[in-house]
Amino acid sequence: MPIHDDAERLLSEAQRFLRQQRELYGDLLPIEHGATEPMKRVTPPPPATPAPAGTDLFGEPDIPASSPVKGAATGTKLLPYPGEPWTSADSLVSLNEQICNCQKCALGSTRKSFVFGVGNPNADVVIVGEAPGADEDEQGEPFVGRAGQLLNKILEAIHFKREEVYICNILKCRPPNNREPQADEIGQCEPYLWKQLEIIKPKMILCAGRVAGQALLRTNASLTSLRGTVHDYRGIPLMVTYHPAALLRNPNWKRPCWEDVQKFRTLYDEMKAKEQSAR
Ligand code: SF4
């Protein structure tokens, strides 16, 4: 076969391959210059499911609140404890001041510190863990110590600074001996998180660890099945990945965690790009 026929055949095959790639991956997935394989398809966050009229996203009776969480489907956020002054707090500082002596559950009597949360009060991204550990209880700040340092590195890897996001836990007080939070403790304390989110109005939530994911999503599903999916938490897109403390115990989980946070960042970037184009 003449050389130019061979070249034409190769060119035709290359063009057919590119057409197939475009059909498979669309505009979302340019093949990066120098990359050895195409980027993986990223599923955009699903639209929030409208709640039935008169209920919140958990199907519970809805109570009008002063300012609904940004991105919420319909209705407003349910805050129990009606009449307690903190429910109408309009800033994180004010909320913290009003709830820092909480004794709603037994953990209030064993804590050294009330661990409210730390970070940017206008953050786009909120990281939620399960509860303070020993270091956090000592210092009054979530995600400190070795696990906190690893969280900082994870954030840096996806181009977020610790001070740019907001970091908190479901429980504000340390469970004894770092045991898992109990359902009644979560039930008592989680409304504080709802109020924090109502004030911050984040665009996305990253849950650190199985316990936080299960608690917020009201499920017993394994971490494996919670990972890789964009969930809806009270109208806010939420993803679940490993807790940094778990990564310290088992470094083999760092790769799947890396994949999770890369996807989280991609979704965040897509959301920001949509915001920009809508302006
Ligand atoms: S864990 Fe939450 S509900 Fe329990 S005492 Fe602490 S702040 Fe209050």
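The sheet in this predicted model is open and has 6 strands, in the order β1-β3-β2-β4-β6-β5, with mixed pairing. At its edges stand β1 and β5 (231-233), each with a single partner strand, so one side of each is left without a neighbour in the sheet. The chain as a whole contains 9 helices and 6 strands.

The pairing can be followed from the β1 edge. Strand β1 (residues 118-119) runs antiparallel to β3, and 2 bridges join them. Here V118 has I167 of β3 as its bridge partner. On the next step, β3 pairs with strand β2 (residues 125-129) in the parallel sense, over 4 bridges. I167 appears again in this pairing, as the bridge partner of I127. G129 of β2 is likewise matched, with N169 of β3 as its bridge partner. From β2 the sheet continues to β4, with the two strands running parallel and joined by 4 bridges. In that pairing V125 stands opposite M204 of β4.

The side chains of these strands are directed to two sides. In strand β3 (residues 166-169), Y166 and C168 point one way, I167 and N169 point the other way, and all are buried. In β2, V125, I127 and G129 point one way, while V126 and V128 point the other, and again all are buried. β2 is thus mostly covered, with 5 of its 5 residues buried. For the whole chain of 279 residues, the buried share is 33%.

Two helices show how the sheet is covered. The first to consider is α9 (residues 254-278), which lies across β2, β4 (204-208) and β6 (236-241) and runs at about 165° to β6. This helix has 25 residues, and the distance from its first C-alpha to its last is 36 Å, close to the 36 Å expected at 1.5 Å a residue. Its buried residues are C257, D260, K263, F264 and Y268. The cover over these residues includes the strands β2, β4 and β6, together with the helices α4 (145-157) and α8 (244-249).

The other helix is α6 (residues 210-217). Of its 8 residues, 6 are buried, so α6 is largely enclosed by the rest of the structure. The buried residues are R210, A212, G213, Q214, A215 and L216. Their cover includes the strands β2, β4, β5 and β6, as well as the helices α5 (183-200) and α7 (223-226). After α6 comes R218, which has a positive phi, near 55°.

The surroundings of the ligand draw on several stretches of the chain. One group of residues around the ligand is C102, Q103, K104, C105, L107 and G108; L171, K172 and C173 also surround the ligand, as do E185, Q188 and C189. By residue class, this shell divides into 6 nonpolar, 3 polar and 3 charged.

Contacts across the chain can also be described by sequence separation. Among those between residues at least 6 apart in sequence, 67% join residues at least 24 apart. The parallel pairing of β2 with β3 links residues 125-129 to a strand further along the chain, and I127 with I167 is one of the bridge pairs in it.

Key
Residues are numbered from 1 along each chain as its sequence is written. This is a predicted model: local features need pLDDT of at least 70, side-chain atom pairs count only at pLDDT 80 or more; totals for chains, interfaces and linings use all residues. A residue is buried if 20 or more other C-beta atoms lie within 10 Å of its own, exposed if 12 or fewer, and partly exposed in between; C-beta atoms are placed from the backbone. Two strands pair if DSSP finds at least two bridges between them. A residue is near a molecule or strand if its C-beta atom, placed from the backbone, lies within 6 Å of it. Ala, Val, Leu, Ile, Met, Phe, Trp, Tyr, Cys and Pro count as nonpolar, Asp, Glu, Lys and Arg as charged, and the others, Gly among them, as polar. Two residues are in contact if their C-beta atoms, placed from the backbone, lie within 7 Å. Axes are lines fitted to C-alpha atoms, for helices over the stretch in contact, and angles run from 0 to 180 degrees between N-to-C directions. The expected span of a helix is 1.5 Å times one less than its number of residues.
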